[in-house]
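Thanks for coming. I have one chain to go through today, and I will keep it short.

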Amino acid sequence: MIIIKKRKRTPWLLSLVVASLLFSASACSNPAAVNTDADLTEYKEGQAAARDLAANTEKPIFDTKALASFNEPWAMTALPTADNESPKLLVTQKTGELFVVDTATGSKTAVAGIPAVAYGGQGGLGDVVLAPDFSTSQQIYLSYAEAGTGGDSGKFGAKVIKAALTGLDTETPSLQALMPIWEQAPKVRGQGHYSHRLLFSPDGQYLYISSGDRQQKAPAQDMSGNLGKIIRLHPDGSVPKDNPFTEDKHEIAKQFWSIGHRNVLGMVFDDAGRLWAHEMGPRGGDEFNLIKKGRNYGWPVVSNGRNYNGTDIPDHDTRPDFAAPHITWTPVISPSSMSIYASGRHNDFPAWQGNALMSGLSSKALIVVDMDAAGNASERYRYDMGARIRNVLSVNGQVWLLEDGKDAKLLQLVSQQALIKPK
């Protein structure tokens with residue numbers, strides 16, 4: 001069990017507040033000053049504001065409870081449950097397996113009928129999400145790396161399918177009626193930067209797909225292919241008529257919602273309905289972006305990181321025509337997934353309400369990011385988890401993490417009442 005230990009609370013903030021209150025009291029001790037009810041009210045309000053400020057800067061702590069182990073897990077999502085039931089999760093493994101996991105017991109049940117995946121490098125079975133009408137349709141969506149055939153032999157690309165998940169109440173669940181929704185084009189050599197993260201809009205009308213640059217760089221600015229883009233489709237795979245590039249001469253560009261991306265592995269809608277995404281930078285310059293219709297995010301023309309060989313890439317501020325990130329990280333955190341914390345049947349971490357939870361690979365961390373009403377964003381907390389974290393999922397006020405690699409644990413965060421001050 002990983003334990004996040006308490007740290008001694010440093011009273012710098014409270015000292016500052018007390019000092020300011022003492023200064024105010026000293027000013028009021030002037031014989032020419034007259035104490036009034038208004039003065040007392042202002043003083044009490046100042047004390048309340050100080051307490052609120054101190055509370056808002058304190059950092060929740062937690063223990064972790066290991067529930068199950070996996071071999072190279074990649075993604076997870078929660079199945080609908082009744083009020084008093086523990087959640088059941090769908091968990092993918094890169095090697096090509098999908099499991100139903102009972103979080104009450106840790107038991108895993110394999111799902112049959114998974115299509116063949118091109119396992120290797122960063123490729124394999126990827127994301128899994130439920131269809132917006134899952135309760136009636138039993139449809140789920142999967143992404144995975146697919147090997148090319150014929151003229152594309154030796155090349156690879158991401159693919160998205162939907163399928164009916166049947167037999168959930170049995171020991172032999174399976175996928176039926178598989179239907180292709182989307183694929184990367186062109187397929188290329190190499191097995192990196194697929195991205196293939198899936199997200200439905202809050203109203204369930206649109207499916208967003210992140211399509212990585214496949215470590216090719218230039219395709220992110222090439223309108224004749226869908227690499228290095230964020231895709232927006234209807235759930236059946238058709239293209240919405242209000243997508244921003246419907247007038248482009250390239251038919252494939254009609255899929256695009258935004259362009260100029262490197263490797264987007266996390267996308268969320270916040271409480272205000274805004275779409276946020278993080279992506280891995282090269283040598284430095286991981287990004288947290290507010291995704292807007294038709295915007296170009298600059299890769300590989302600009303980046304706040306450098307090439308792996310050390311050569312410079314112009315920063316975003318040299319090209320204001322490209323959308324700049326709201327946060328950049330150097331050294332990198334290697335963000336791998338993202339989930340919005342929202343209370344529900346549980347409220348284990350009320351201090352995180354509305355915040356984005358991000359899993360980190362090289363940083364071995366859970367990162368909590370705040371997005372305010374004005375559209376600003378900032379890192380709020382960071383937790384050292386002691387292992388590479390592949391995925392984070394918040395469901396009904398509870399939080400689960402998936403470690404990365406072999407013998408990777410599924411962890412539940414167990415809230416503690418004590419609070420500590422952030423670093």
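I will go from the overall make-up to the cores and then to the salt bridges.

Bear in mind throughout that this is a predicted model. The chain has 423 residues, and 52% of them count as buried. Its secondary structure consists of 24 strands and three helices. If you take the contacts with a separation of 6 or more, 60% of them are between residues 24 or more positions apart. The exposed surface comes to about 18,900 Å², and 51% of that is supplied by carbon and sulfur atoms.

Now the cores. Which residues touch the most other members of the largest nonpolar core? They are Tyr 141, Trp 182, Ile 209 and Phe 256, in a core of 23 residues. Seven elements, β7 (139-147), β8 (156-166), β9 (174-183), β10 (195-200), β11 (207-211), β12 (229-233) and β13 (256-259), each put in at least two residues. The largest share is three residues, and β8 provides it. Looking at Phe 256 on its own, and leaving aside residues up to four places away in sequence, its contacts include Met 223, Ile 230, Ile 231, Pro 244 and Phe 245. There is also a second core, separate from that one, with 17 residues; Leu 79, Leu 98, Val 111 and Val 128 are among them.

On to the charged pairs. The count of salt bridges is 13, and I will show three.

In one, Glu 72 pairs with Lys 406, with 3.8 Å between the closest N and O atoms. These two are 334 residues apart: Glu 72 sits in the loop between β1 (59-70) and β2 (73-78), and Lys 406 in the loop between β23 (398-403) and β24 (408-420). Is each end buried or exposed? Glu 72 has a relative accessible area of 14%, so it is buried. Lys 406 is at 62%, so it is exposed. Lys 94 belongs to this group as well, since Glu 72, Lys 94 and Lys 406 are linked in a network of salt bridges.

Next, Glu 146 and Lys 159, where the closest N and O atoms are 3.2 Å apart. This pair joins strand β7, which holds Glu 146, to strand β8, which holds Lys 159, across 13 residues. Both residues are buried.

Last, Asp 404 and Arg 390 meet at 3.0 Å, N to O. Asp 404 is in the loop between β23 and β24, while Arg 390 is in strand β22, residues 389-395. Asp 404 has 21% relative accessibility and therefore counts as partly exposed; Arg 390, at 10%, counts as buried.

Technical notes
Residues are numbered from 1 along each chain as its sequence is written. This is a predicted model: local features need pLDDT of at least 70, side-chain atom pairs count only at pLDDT 80 or more; totals for chains, interfaces and linings use all residues. Side-chain values use heavy atoms; hydrogens and water are left out. Helices (H or I, at least four residues) and strands (E, at least two) are DSSP runs, numbered from the N terminus. Buried means under 20% relative accessible area, exposed over 50%, partly exposed in between (1.4 Å probe, protein chains only). Contact means heavy atoms within 4.5 Å. Accessible areas come from the Shrake-Rupley method with a 1.4 Å probe; for residues, only the protein chains shown count as cover. A nonpolar core is a set of buried Ala, Val, Leu, Ile, Met, Phe, Trp, Tyr and Cys residues joined through side-chain atoms within 4.5 Å. A salt bridge is a side-chain nitrogen of Lys or Arg within 4 Å of a carboxyl oxygen of Asp or Glu.
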